[in-house]
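Work through the exercises below with the sequence and the model open. Try each task before reading its solution.

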Amino acid sequence: MNYIDLPLQELHEALVAKKVTPLELTEEALKRAHADQNNAFEYLDDEGAIAFAKTLTEPEKDNPLWGIPYFAKDNFSTKGIPTTASSNILVGYVPVFDATVISKLKAAKAVMIGKTTLDELAMGGTGTTGHLGKTFNPYDPKHERMIGGSSCGSAAAVSASIVPFALGSDTGDSVRKPASYAGLIGMKPTWGRISRYGLFPFAPSLDHVGYFSRDVYTSAVLLDVLAGRDPHDSTSSMKEVEHYEADLKKPVKGLKIAVLKMVTDSIKDEEIKKHFYASLEGLKKEGVEVDFVEFGKDLLESLYATYIVISCAEATSNDANLDGIKFGPYKGGKTYQEVMYNARTAGFSELIKRRFVIGSYCLMRENQEELFLRAQRNRAKIVERTNEILKDHDFILALAAPSIAPLFAQASDKLSDEYLIADNHLCLGNFAGLPSITLPLGYKSGMPYGVNFMGRAFEEKKLFQISQAFETLTGLAETSALAPKEAKL
Amino acid sequence: MDVLKDAANRLLFDMSDEQYKTLYEEFGILTKQMEKIGEIKGLESYAPMTFPFDCSTTYLREDVAEEPLPRDVALKNAGNKQDGQIKLPKVVL
């Protein structure tokens with residue numbers, strides 16, 4: 001047991017009492033990161049992290065992030081630190097500015113240890129498509145099971161107890177799904193709550209900054225620091241930032257939860273389902289009202305196609321600047337078209353190219369009405385239905401994924417003609433821009449699985465309140481692959 | 001298949017025959033699913049949604065003088081530079 005394994009609150013107390021220093025924590029995080037066996041990192045900033053930690057000598061009692069080491073997904077701009085988005089087309093790129101979330105964490109004197117792997121350009125959900133290869137799940141030393149993606153390295157870093165928290169991004173479920181596979185809290189607040197300035201765009205109408213932690217308290221404290229209006233991001237909200245951990249201990253009696261019936265029914269794993277039902281009973285005992293609701297079969301089955309069309313269309317347009325001229329290595333060519341053609345052919349992996357073609361095809365004038373605009377209309381209908389449910393309920397609850405982390409051998413990034421509702425429902429939170437959090441529920445064969453709560457827009461405080469109650473029920477705060485716990489339920 | 005190859009070339013990259021085959025299969029699935037979405041009742045009455053909700057952020061920023069990016073920083077990512085400028089390969093024939 002090292003100080004870095006302590007819950008954030010205790011770690012902060014130890015720092016304030018000078019039992020441990022930011023430098024010692026940074027050195028421990030770096031030591032663990034260098035010994036990592038999960039391919040979680042793109043870059044370790046030994047020099048920068050140690051230099052910054054050395055400047056932190058006077059503890060700040062009221063700043064819970066003071067001297068805390070963390071990792072950022074490698075699609076956040078970090079001044080002077082290589083940033084690749086795990087794509088060959090960005091190898092060698094060194095940003096000249098910090099993303100707003102990086103600046104905010106720096107101002108809070110958290111210590112960035114380095115950058116983590118992702119599915120290339122954050123497009124993918126398997127943690128297998130980054131240019132450094134597969135990222136592994138720390139809960140599976142045999143390296144047969146994925147950790148999910150796209151924020152695979154950040155999930156692995158927190159799950160392996162290398163740092164207490166890590167930044168990710170979430171366009172479909174890229175924080176909240178890996179959180180389920182890695183036994184973590186995965187939070188994505190309301191669209192516009194956290195500035196995206198400096199986050200490499202994938203699909204801006206769906207992109208969110210998110211993050212991983214090992215307890216709900218840390219998740220709430222992080223939002224205090226990361227939320228807020230940013231003049232650099234015109235989509236960031238002017239709404240006032242709240243004190244998000246204020247209601248963590250408030251009783252949950254009277255809160256109302258809608259459980260998505262069809263999502264639960266579609267899950268084949270009876271053991272996980274049974275455990276999920278037991279957790280509902282636990283919530284009822286706390287005075288929470290639980291209703292099973294129908295979302296609509298047509299709409300749930302339409303989620304993935306709608307997501308693919310919208311996200312690919314936005315991505316193909318956003319990533320047009322990765323052309324070997326403005327960004328990306330020069331691969332030769334006699335004309336500028338040839339320069340771009342050679343750079344893009346060599347720079348993107350197969351999955352990215354397929355996604356770009358799909359997006360471009362959907363945007364072609366002759367296909368726009370039946371593909372792109374139809375998907376956007378359907379998104380409106382999906383969002384309307386989601387908000388309708390949330391009129392009568394405080395939260396929507398479902399298992400975050402239908403199973404424990406799948407085996408790599410079963411993973412596929414190809415489109416499937418099966419409607420995998422329980423695998424895709426988390427994108428509801430992106431379509432509607434609602435705050436959504438994944439929490440650990442239990443373990444099967446030593447591998448974690450979790451649930452997901454989604455709340456009304458800008459009601460993060462209440463979302464943390466129910467999350468804290470759920471965490472108390474399961475007793476699964478502060479779990480890691482180093483120290484797995486037994487679920488209380 | 002030719003449409004897909006044309007789309008890829010317009011995006012300025014190429015793929016292998018095997019990759020085009022996978023893409024072709026994916027398109028079959030996607031088209032079928034999108035056709036089914038087209039059958040959802042009343043869908044045409046919905047306006048295409050471009051953002052999750054309206055966020056009005058119109059404002060006039062303060063007129064504050066800022067330092068521009070220093071030249072040496074701006075040139076940091078350039079593969080080839082000369083006399084304080086980015087040197088590009090000749091691509092106009």
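The model is predicted.

**Exercise 1. Find which residues of α11(A) meet which residues of α13(A), and describe how the two helices cross.**

Step 1. List the contacts. On the α11(A) side they are A:Ile308, A:Val309, A:Cys312, A:Ala313, A:Ala315 and A:Thr316. Their counterparts in α13(A) are A:Arg355, A:Phe356, A:Ile358, A:Gly359, A:Ser360, A:Cys362 and A:Leu363.

Step 2. Sort these residues by class. The contact of α11(A) with α13(A) holds nine nonpolar, three polar and one charged.

Step 3. Take the geometry. Two packed helices are described by the angle between their axes and the distance between the axes. For α11(A) and α13(A) the angle is about 95 degrees and the axes are 7 Å apart.

Step 4. Name the arrangement. Angles of 65 to 115 degrees count as roughly perpendicular, and α11(A) and α13(A) are therefore roughly perpendicular to each other.

**Exercise 2. Describe how α13(A) packs against α14(A).**

Step 1. Helix α13 of chain A covers residues 350-363, and helix α14 of chain A covers residues 365-392. They pack at an angle of about 115 degrees, with their axes 6 Å apart. That makes α13(A) roughly perpendicular to α14(A).

Step 2. From α13(A), A:Tyr361, A:Cys362 and A:Leu363 take part. They meet A:Asn367, A:Gln368, A:Leu371 and A:Phe372 of α14(A).

Step 3. Counted by class, the contact of α13(A) with α14(A) has five nonpolar, two polar and no charged residues.

**Exercise 3. Which elements of chain A touch chain B?**

Step 1. Count the residues on each side. Chain A gives 55 residues to the contact and chain B gives 40 residues.

Step 2. Locate the chain A side. The elements that give two or more residues are α11 (303-318), α12 (336-347), α13 and α14 of chain A. Of these, α14(A) gives the most, with eleven residues.

Step 3. Classify. The side of chain A that touches chain B has 27 nonpolar, 15 polar and 13 charged residues.

**Exercise 4. Lay out the sheet of chain A and place two helices on it.**

Step 1. Write the strand order. Eleven strands form an open sheet in the order β1-β3-β2-β4-β6-β5-β10-β11-β9-β7-β8 (chain A), with mixed pairing.

Step 2. Find the edges. β1 (41-44) and β8 (289-293) of chain A each pair on one side only. From one strand to the next the twist averages 25 degrees.

Step 3. Check one pair. Strands β7 (residues 256-260) and β9 (residues 395-399) of chain A pair in the parallel sense over three bridges. A:Ala258 has A:Ile396 in β9(A) as its bridge partner.

Step 4. Add the helices. Helix α5 (residues 152-159) of chain A packs on the sheet and touches β1, β2, β3, β4 and β6 of chain A. The direction of α5(A) makes about 155 degrees with that of β4(A). α7(A) also packs on the sheet, touching β4, β5 (185-188), β6 and β10 (436-444) of chain A. The direction of α7(A) makes about 145 degrees with that of β6(A).

**Exercise 5. Is A:Pro164 buried or exposed?**

Step 1. Place the residue. A:Pro164 is in the loop between α5 and β4 of chain A.

Step 2. Apply the cut-off. A residue is buried if 20 or more other C-beta atoms lie within 10 Å of its own. A:Pro164 has 29 other C-beta atoms within 10 Å, so A:Pro164 is buried.

Step 3. Identify contacts. Apart from neighbours within four places in sequence, A:Pro164 is in contact with A:Leu8, A:Leu11, A:Ile68, A:Ser213, A:Arg214 and A:Thr218.

**Exercise 6. Set the radius of gyration of chain A and of chain B against the globule rule.**

Step 1. Chain A has 17 helices and eleven strands. The radius of gyration of chain A is 21 Å, close to the 23 Å that the rule gives for 489 residues, so chain A is as compact as a globular protein of that length. Of those 489 residues, 60% count as buried.

Step 2. Chain B follows the pattern α-α-α-β-β along the sequence. The radius of gyration of chain B is 24 Å, well over the 12 Å that the rule gives for 93 residues, so chain B is more spread out than a compact globule. Of the 93 residues of chain B, 15% count as buried.

Key
Residues are numbered from 1 along each chain as its sequence is written. Chains are lettered from A and ligands numbered from 1 in the order in which they are written. This is a predicted model: local features need pLDDT of at least 70, side-chain atom pairs count only at pLDDT 80 or more; totals for chains, interfaces and linings use all residues. Helices (H or I, at least four residues) and strands (E, at least two) are DSSP runs, numbered from the N terminus. The radius of gyration is taken over C-alpha atoms; the globule rule is 2.2 Å times the number of residues to the power 0.38. A residue is buried if 20 or more other C-beta atoms lie within 10 Å of its own, exposed if 12 or fewer, and partly exposed in between; C-beta atoms are placed from the backbone. Axes are lines fitted to C-alpha atoms, for helices over the stretch in contact, and angles run from 0 to 180 degrees between N-to-C directions. Angles under 35 degrees count as roughly parallel, over 145 as roughly antiparallel, 65 to 115 as roughly perpendicular and the rest as oblique. Two residues are in contact if their C-beta atoms, placed from the backbone, lie within 7 Å. Ala, Val, Leu, Ile, Met, Phe, Trp, Tyr, Cys and Pro count as nonpolar, Asp, Glu, Lys and Arg as charged, and the others, Gly among them, as polar. Two strands pair if DSSP finds at least two bridges between them.
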